[in-house]
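Q: I should like to learn how to read the fold of a protein chain. Where should one begin?

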Amino acid sequence: MAKSFNPDAVWAPFGAFSQTVVAGSGRTVYLKGQVALDPDGNIIGEHDMQAQVRQVLENIQTILRTMNGRMGDILSLTQFTTDIQAFMRSGEVRMAYFAEPFPITTTIEVTALYDPRLMIEITAIAEIPVYRFQEPDGALDLHG
């Protein structure tokens, strides 16, 4: 089981994130960076950061569900945005997907993503408790 920790010796988190997460004995899941694409590959929310953040988090949530995971299983997020100010205004969208204890979070402003209509890409690391983890259908052995 993972635990969140905010040391008193550093600044207090001001949003939906924790300073530190210590992982336990669950199954660690690494999610590829997700962008605001629907299941058919169409971009959702062109020029709308909140719509794109919502779609990205929906994609992450959908992937985790295939393994019986939850958003609360996320330990760490790395967020790449083309507009840090617009991203900072999307906090209420993130709050709809996360509750305390929050995952650790790193946010980086970049010049562009692979398609200029995309404004946000988020990658995640999650730990799903062993008792709840379900092997996803069609999973292939990576180490052959």
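A: Please begin with a helix and what it lies against. In this predicted model, helix H1 (residues 49–65) lies across E3, E4 and E6. The helix runs at about 30° to E6.

Q: In what order do the elements of the chain run from the N terminus on?
A: One lists the helices and strands as they occur along the chain. Here there are 3 helices and 6 strands, and their succession is β-β-β-α-β-α-α-β-β.

Q: What is the order of the strands in the open sheet?
A: The order in a sheet is read from one strand to its neighbour. The open sheet of 4 strands reads E3-E6-E4-E5, and its pairing is mixed. At its edges are strand E3 (27–34) and strand E5 (104–109), each of which pairs on one side only. On average, neighbouring strands of this sheet are turned by 10° against each other, direction ignored.

Q: How many bridges join strand E4 to strand E6?
A: For a pair of strands, one notes the bridges and the direction. Strand E4 (residues 74–81) and strand E6 (residues 120–128) run antiparallel and are joined by 7 bridges. As an example, leucine 77 has alanine 124 in E6 as its bridge partner.

Q: What share of the residues of the chain counts as buried?
A: A residue counts as buried if its relative accessible area is under 20%. By that criterion, 39% of the 144 residues of the chain are buried. The accessible surface of the chain comes to about 8,600 Å², and carbon and sulfur atoms account for 53% of it.

Note on methods: Residues numbered from 1 in each chain as written. Predicted model: local features only at pLDDT ≥ 70, side-chain atom pairs only at ≥ 80, totals over all residues. Heavy atoms only, no water. Pairing = 2+ DSSP bridges. Helix = DSSP H or I, 4+ residues; strand = E, 2+ residues; numbered from the N terminus. Axes fitted to C-alpha atoms, helices over the stretch in contact; angles between N-to-C directions. Contact = heavy atoms within 4.5 Å. Buried < 20%, exposed > 50% of the residue type's maximum accessible area, 1.4 Å probe, protein only. Areas by Shrake-Rupley, 256 points an atom, 1.4 Å probe, with all protein chains shown as cover.
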